Amino acid sequence: MPQDRPILVTGAAGSVGAVGRTVVETLRRQGLPVRALVHREDERAEALRATGAEVVVADMTRAADVVPALSGVGRVFFSMSVSPSYLEAAVTMATVARRTTGIGAFVNLSQMTVSGMTTTSTEESRQQRLHWLAEQALTWSGLPLVVVRPTVFLEHPFFTLFAAASIAERDEIRLPFGGARTSPVAAGDVAEVVATVLAAPSPHVGKVYELTGPRSEDMNAIAAEYSEALGRRITYVDMPLKEWIERDLRRAKLPDHLAEHITTMARLHARGRYARLTRDVETVTGRPATSVKSFVAGHAALFGGTRVGPGGPR
């Protein structure tokens with residue numbers, strides 16, 4: 001595969017975890033040519049240009065925008081934030097990519113919930129259904145596909161926004177997960193997997209990688225990892241789903257599509273759908289996935305910082 005053809009990275013401006021932006025930065029550090037696709041011109045686009053990446057502004061649901069964005073590229077990373085337009089964007093990208101010569105790999109950022117879905121399953125969110133349908137369409141496309149399915153991100157509001165608010169109030173993590181286990185993955189680990197695949201895709205084409213953290217554990221164990229990282233006791237409080245929605249989720253004033261998706265993720269957590277554990281991060285990158293403790297320690301300021309006394313954290 002010619003190394004002088006740019007790698008197209010969509011969702012490069014990013015939001016939760018900024019996977020696309022990190023992929024761009026990683027590939028540029030390796031000296032690889034990157035074309036970063038963003039939805040609008042702003043300071044994030046300028047920051048991407050500062051890495052040496054070519055930046056294009058495009059709407060992925062419009063083929064007229066996608067055709068020039070894909071022109072001349074050798075590999076594609078498709079990702080998009082939670083959006084009702086997700087499936088339209090995925091199919092538009094696949095349709096144009098099929099008619100673009102020289103694409104050696106199409107890496108799709110999906111989500112692990114898809115692995116438990118069927119044609120007729122109904123308990124998932126609309127966004128999860130869109131991801132499932134997009135995977136079907138991309139498989140039918142015949143593109144040289146690599147599917148990356150992360151579980152819930154450590155950067156998800158569950159473990160950042162909502163956790164930070166309840167920790168600030170009472171050193172508690174209030175979530176409606178019951179006693180079920182979960183295995184959140186760091187967005188940086190996901191980005192490293194994607195960048196590794198894009199840099200040398202041949203061994204990965206046709207594969208599905210399901211990414212989790214290094215442990216699958218209940219929220220009491222996760223609260224203990226927060227405690228170790230922050231040097232103070234953090235406890236888990238299991239909240240009824242309805243009460244959590246009224247008290248915490250609605251306070252965030254999220255768009256309806258996103259709020260429905262997060263509500264469903266909370267419900268599926270309690271049903272054990274996120275109690276998964278794989279070693280795919282290590283398989284691809286050669287190193288173990290980031291732990292909850294390491295993530296929280298690296299973002300301690302978000303949670304009020306660490307408390308250190310004689311003899312160290314307490």
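Visitor: What pLDDT does the protein chain average?

Guide: This is a predicted model, and 96% of its residues score at least 70 in pLDDT. Across the protein chain, the average pLDDT is 94.

Visitor: Over which residues does pLDDT stay under 50?

Guide: Where pLDDT is low, the predicted coordinates should not be read in detail. One stretch of the chain calls for that caution, although the model gives it eight contacts beyond four places in sequence. The stretch with pLDDT under 50 is residues 309-314.

Visitor: Which helix gives the most residues to the largest nonpolar core?

Guide: The largest nonpolar core has 36 residues, and V9, V19, V23, L27, F77 and V190 touch the most other members. Eight residues of this core come from one helix, which spans residues 187-199. That helix is α7.

Visitor: Which residues does V190 touch, leaving aside those up to four places away in sequence?

Guide: V190 is among the residues of the largest core that touch the most other members. With residues up to four places away in sequence not counted, its contacts are V19, L109, V148, P150, F153, V185 and L211.

Visitor: How many residues are in the second, separate core?

Guide: Apart from the largest core there is a second one, and its members include F159, F162, I167 and M239. The size of this second core is 34 residues.

Visitor: What is the volume of the largest cavity?

Guide: The count of cavities of 30 Å³ or more comes to one. The lining of the largest cavity consists of S183, P184, G213, P214, R215, E217, E225, S291 and V292. By class, these divide into three nonpolar, three polar and three charged residues. The volume of the largest cavity is about 40 Å³.

Visitor: Is D171, with its positive phi, buried or exposed?

Guide: Most residues other than glycine have a negative phi. D171 is not a glycine, yet its phi is about 55 degrees, and it lies in the loop between α6 (161-170) and β7 (172-175). Its relative accessible area is 16%. Because buried means under 20% relative accessible area, D171 is buried.

Visitor: Is K253 buried or exposed?

Guide: K253 also is a residue other than glycine with a positive phi, near 55 degrees. K253 lies in the loop between α9 (241-249) and α10 (256-270). Its relative accessibility is 75%. Since the exposed class begins over 50%, K253 counts as exposed.

Key:
Residues are numbered from 1 along each chain as its sequence is written. This is a predicted model: local features need pLDDT of at least 70, side-chain atom pairs count only at pLDDT 80 or more; totals for chains, interfaces and linings use all residues. Side-chain values use heavy atoms; hydrogens and water are left out. pLDDT is the predictor's confidence in each residue, from 0 to 100. Contact means heavy atoms within 4.5 Å. On a 1 Å grid over the protein atoms alone, a cavity is a set of points where a 1.4 Å probe fits but cannot get out, and a pocket is an open set with protein on both sides within 12 Å along at least five of seven lines; lining residues have an atom within 4 Å of a point. Grid points are joined across faces, edges and corners, and a volume is the space filled by probe spheres set on the points. Ala, Val, Leu, Ile, Met, Phe, Trp, Tyr, Cys and Pro count as nonpolar, Asp, Glu, Lys and Arg as charged, and the others, Gly among them, as polar. A nonpolar core is a set of buried Ala, Val, Leu, Ile, Met, Phe, Trp, Tyr and Cys residues joined through side-chain atoms within 4.5 Å. Buried means under 20% relative accessible area, exposed over 50%, partly exposed in between (1.4 Å probe, protein chains only). Helices (H or I, at least four residues) and strands (E, at least two) are DSSP runs, numbered from the N terminus.
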